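Please walk through this structure with me, one part at a time, and explain how its helices, loops and individual residues are placed. I would like the reasoning behind the words used for each residue to be made clear along the way.

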Amino acid sequence: MPIVEAERKGSPVGPPAFKSRKDKRQAVRFTANARWKITEKGRLLLPKIGALRVLWSRTLPSTPATVTVIKDSAGRYFASFVIETDPDTDAQHWPVGEVAGREVGLDMGLTHFAVLDNGEKVTSPRFLRRAEKKLKKLQREHSRKQKGSKNKEKSRLRLARQHAKVADARHAFHHQLSSKLIREHQAVHAETLNVKGLARGKLAKSIHDAGWSSFLDMLSYKAKRYGRDFQRTGRRFPSSQRCSNPACHHIDGPKPLNIRTWACPACGTIHDRDTNAARNTLQEGQRMRAMVAEGRAETENACGAPVRPGTQSRHSAMKQEATESHTSRAA
Ligand SMILES: [Zn+2]
């Protein structure tokens, strides 16, 4: 939640000592022992700092145990709270009974952010594309400014702010899409991308920009929280090479990225490349899920580490850190 301004009675004190982080963000954490609190007026009262005005981006469902104050690279301050979530409340929120039997397969790609097995293609929303366009413009302007000049410094700050806006917009888009997919389905199947392998090549920038791994992480923790299944299919599974016709499953070999549709030489089905891959991912995910249910295979937990079926209770309380990211001016 963005912090707008600070007010404090008594003698002035310096800003809090931030611990430096690798990602250029700085953060300081206050635990329950630090005796911080949220005042009746909705201000954040921090020891030695005073009462801070906060732009609350959502109401807190319960009393948080800790608060972390973060300063990002664009000079904006945020307050992030750790909240205990209640599994029963979550289960009521999005009842799993309403989506029984509904499953979806996802193909993550470069032409579209994701393609669903029903043929639906998800591109990034207009607010994100607009922010990215403005970022490119500012990057061009920045590169033209003279080194060491005041204008260069001004444009650097503008650029940093726009970078942060793009990151926020992307984060919001990932949240919207992952929530929708989890809410509407009992099981979500996605391919585990060989992101590292791909990122070494020309596609590096697109992959970095698409932020697939943060999106997949969201699917994973939301599935766990709302009693859904999230299944990642293996990297070695040839989702884009196999004919998704369940009666055929002919493997046709690799295809260059510019081949968007192809006809299966075995059964004659015409395939849209991405939809076919999403259908294969769904089928493979269902196969893996059945194996897990029978206790013949391992599934993944929220962190992506393998867990034996049955060892993890979906209804155990879990902690979730809600880092708010809304644009505001620096405190
Ligand atoms: Zn076929």
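In this predicted model, Lys222 has a relative accessibility of 6% and therefore counts as buried, since the limit for that word is under 20%. Lys222 belongs to helix H6, and if residues up to four places away in sequence are set aside, Lys222 touches His175, Ser178, Ser179 and Ile182. These four residues also appear on the H3 side of the contact between helices H3 and H6, where Lys222 itself is listed for H6.

That contact deserves a fuller description. Helix H3 covers residues 150-184 and helix H6 covers residues 212-225, and their axes come within 9 Å while crossing at roughly 40 degrees. An angle of this size is neither under 35 degrees nor in the range from 65 to 115, and it is not over 145 either, so H3 and H6 are described as oblique to each other. The crossing in which H3 passes H6 is right-handed. On the side of H3 the residues taking part are His171, His174, His175, Leu177, Ser178, Ser179, Leu181 and Ile182, and they meet Ser214, Phe215, Met218, Leu219, Tyr221, Lys222 and Ala223 on the side of H6. Sorted by character, the residues of this contact comprise 8 nonpolar, 6 polar and 1 charged.

Helix H3 also packs against helix H2, which spans residues 126-144, and here the axes are 9 Å apart and the angle is about 160 degrees. Because angles over 145 degrees count as roughly antiparallel, H2 is roughly antiparallel to H3. The crossing of H2 and H3 is left-handed, whereas that of H3 and H6 is right-handed. From H2 the contact includes Phe127, Leu128, Ala131 and Leu135, and from H3 it includes Leu159, Val166, Ala169 and Phe173. Charged residues take part as well, among them Glu132 and Lys134 in H2 and Arg156 and Arg158 in H3. Taken together, the residues where H2 meets H3 divide into 9 nonpolar, 7 polar and 6 charged.

Another helix to look at is H7, made of residues 273-293, in which Asn276 is found. Is Asn276 buried or exposed? With a relative accessible area of 1%, Asn276 is buried, because this value is under 20%. Apart from its neighbours within four places in sequence, Asn276 is in contact with Ser239, Ser240, Arg242, Cys243, Ser244, Trp262 and His271.

One of those partners, Cys243, leads to the cysteines. Cys243 has 0% relative accessibility and so counts as buried, while Cys267, at 33%, counts as partly exposed because that value lies between 20% and 50%. A disulfide is a covalent bond between the sulfur atoms of two cysteines. When a pair of cysteine sulfur atoms within 2.5 Å is required, the model has 0 disulfides.

The loops have details of their own. Arg35 sits in the loop between strand S3 (26-30) and strand S4 (37-38), and although Arg35 is not a glycine, it has a positive phi of about 55 degrees. Its relative accessibility is 74%, over the limit of 50%, so Arg35 counts as exposed. His249, which is also not a glycine, likewise has a positive phi of about 55 degrees, and His249 is located in the loop between strand S13 (229-233) and strand S14 (261-263). At 29% relative accessibility, however, His249 counts as partly exposed.

Some loop residues have C-alpha distances to residues further along the chain. Phe113 lies in the loop between strand S9 (103-108) and strand S10 (114-116), and Phe113 is buried, with a relative accessible area of 8%. Phe113 and Trp212 are 99 residues apart along the chain, yet 8.5 Å separates their C-alpha atoms. Ser62, in the loop between strand S6 (50-54) and strand S7 (66-71), counts as partly exposed at 29% relative accessibility. The C-alpha atoms of Ser62 and Asp86, which are 24 residues apart along the chain, are separated by 9.3 Å. Leaving out neighbours within four places in sequence, Ser62 is in contact with Ile83 and Glu84.

To finish, consider the chain as a whole. The chain has 7 helices and 18 strands, and 41% of its 331 residues count as buried. Among contacts between residues at least 6 apart in sequence, 67% join residues at least 24 apart.

Methods. Residues numbered from 1 in each chain as written. Predicted model: local features only at pLDDT ≥ 70, side-chain atom pairs only at ≥ 80, totals over all residues. Heavy atoms only, no water. Buried < 20%, exposed > 50% of the residue type's maximum accessible area, 1.4 Å probe, protein only. Axes fitted to C-alpha atoms, helices over the stretch in contact; angles between N-to-C directions. Helix = DSSP H or I, 4+ residues; strand = E, 2+ residues; numbered from the N terminus. Left-handed = near helix turned anticlockwise from the far one by under 90°. Contact = heavy atoms within 4.5 Å. Nonpolar A, V, L, I, M, F, W, Y, C, P; charged D, E, K, R; others polar.
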